[in-house]
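Thank you for making room for this on the agenda. I would like to walk slowly through one structure, taking its strands and then its core, so please keep the view open while I talk.

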Amino acid sequence: MKPLELPLARAGIDRAGELRLNPTHLAELWESGRILHLADGKFATAGEGLALFSSVEIAALESSSAFYEGERIFLGQLDGTGYFAWCTQSVSATESATKDSIEKATDLLQHFKTLREIGDDLSDLEIGLAVHSQALANWHHTHRFCPKCGSTTTSSNGGSVRRCDADGSEHYPRTDPAMIVLVTDRADRILLGRQKVWVEGRYSNFAGFVDAGESFERCVAREVMEEANLPVSEITYLGSQPWPFPASIMIAFSAVTDSPELAKPDGEEIVDIRWFTRAELSTAVADGSLNLPPLMSVSRKMIEAWYGQPLNS
Ligand SMILES: [Zn+2]
């Protein structure tokens with residue numbers, strides 16, 4: 001199978017990592033920069049895309065008292081223009097909020113949407129900005145304290161590092177690798193599994209987090225054995241995409257089994273599994289008994305790549 005082209009792997013900007021160490025230059029870029037705004041993990045939108053603000057507009061929002069915990073994150077540079085994210089919480093999440101400030105925030109938040117809601121409509125540039133800023137926003141929000149000593153930490157290096165205020169130790173954004181695998185048999189049927197918690201009719205590929213001290217390939221073999229009782233071989237890399245919900249990267253593989261008859265769900269995480277030929281898959285999608293994973297997911301692209309063309313659902 002050809003390498004996958006994955007929707008959240010798109011990008012349109014130079015991350016310009018060398019500028020993160022130059023606060024003066026970053027401050028200058030901010031003044032003339034284009035700035036996206038995240039509040040409570042949602043993006044400010046304009047039409048189908050991301051709203052991009054000037055530093056003056058952000059300063060006005062900053063003094064509106066509708067948002068707090070404002071972190072400036074440097075996302076990169078394009079044609080000399082700096083791109084940033086302003087990551088905040090909305091005041092409606094605090095106990096000390098006044099009625100006035102909550103109303104203001106609620107009004108503003110009407111135009112905020114999650115990446116899952118808007119992802120399918122974003123350009124390459126926008127998706128790169130959105131995925132980068134969402135991953136960092138999630139991390140900043142949950143890493144306010146030093147894992148060594150428990151003191152507060154402060155964002156540094158354009159938002160790519162947090163530094164302990166007491167002992168100076170540096171802490172870096174964390175990304176959790178999760179692998180996802182397209183399992184086929186020698187007749188080129190595809191195996192899909194169903195998790196109990198999923199929406200009606202949803203079947204998807206097998207996936208799981210890489211264990212500590214484990215290679216991707218070992219993880220693929222282990223997960224397919226655990227969830228579907230199947231030995232697999234010919235484990236082949238297909239591609240990867242960030243999945244900041246909240247901090248993963250999905251690494252995609254294909255694998256083949258010689259013993260399709262052994263497939264059975266583990267009964268815990270996976271409650272049902274089914275083999276599909278292309279004709280069976282197409283029929284199941286058409287009659288609504290198979291509910292495919294969302295367009296921006298790796299699994300959707302894997303299933304479509306195996307099928308040979310996009311599937312409507
Ligand atoms: Zn510390």
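Before I name any partners, one term is needed: two strands count as paired here if DSSP finds at least two bridges between them. Please also keep in mind that what you are looking at is a predicted model.

Let me begin with strand β10, which covers residues 176-185, and with the strands that pair with it. On the antiparallel side of the account, β10 pairs with strand β12, residues 206-209, over four bridges, and within that pairing Ala178 has Phe209 of β12 as its bridge partner. Strand β11, residues 190-195, is also antiparallel to β10, and here two bridges connect them, with Thr184 standing opposite Ile190. These two strands, β10 and β11, make a hairpin in which four residues lie between them, and in that turn Asp188 has a positive phi of about 60°. The pairing with strand β14, residues 248-257, is parallel and is made through ten bridges; in it, Met179 faces Ile251 of β14.

Is β10 largely enclosed, or largely open? Seven of its ten residues are buried, so the rest of the structure largely encloses this strand.

That leads to the core. The largest nonpolar core has 73 residues, and among those with the most contacts inside it are Met179, Val181 and Val183, together with Phe43, Ala85, Val224 and Ala252. The element that gives the most to this core is helix α5, residues 124-142, with eight residues. Where does the core lie with respect to domain 1 and domain 2? Both domain 1 (7-142) and domain 2 (176-307) give residues to it, and it therefore lies between them.

To make this more concrete, take Val181 and leave aside its neighbours within four places in sequence: the residues in contact with Val181 are then Asn205, Phe206, Val220, Val224, Phe253, Ser254 and Ala255.

Finally, I would like to turn to another sheet, which is open and has three strands in the order β7-β8-β9, paired in the antiparallel sense. Its edge strands are β7, at 153-156, and β9, at 170-171, each of which pairs on one side only. Between β7 and strand β8, residues 161-164, there are four bridges, again antiparallel, and Thr154 has Arg163 in β8 as its bridge partner.

Terms used:
Residues are numbered from 1 along each chain as its sequence is written. This is a predicted model: local features need pLDDT of at least 70, side-chain atom pairs count only at pLDDT 80 or more; totals for chains, interfaces and linings use all residues. A residue is buried if 20 or more other C-beta atoms lie within 10 Å of its own, exposed if 12 or fewer, and partly exposed in between; C-beta atoms are placed from the backbone. A nonpolar core is a set of buried Ala, Val, Leu, Ile, Met, Phe, Trp, Tyr and Cys residues joined through C-beta atoms within 7 Å. Domain bounds come from an automatic or database domain assignment. Two residues are in contact if their C-beta atoms, placed from the backbone, lie within 7 Å.
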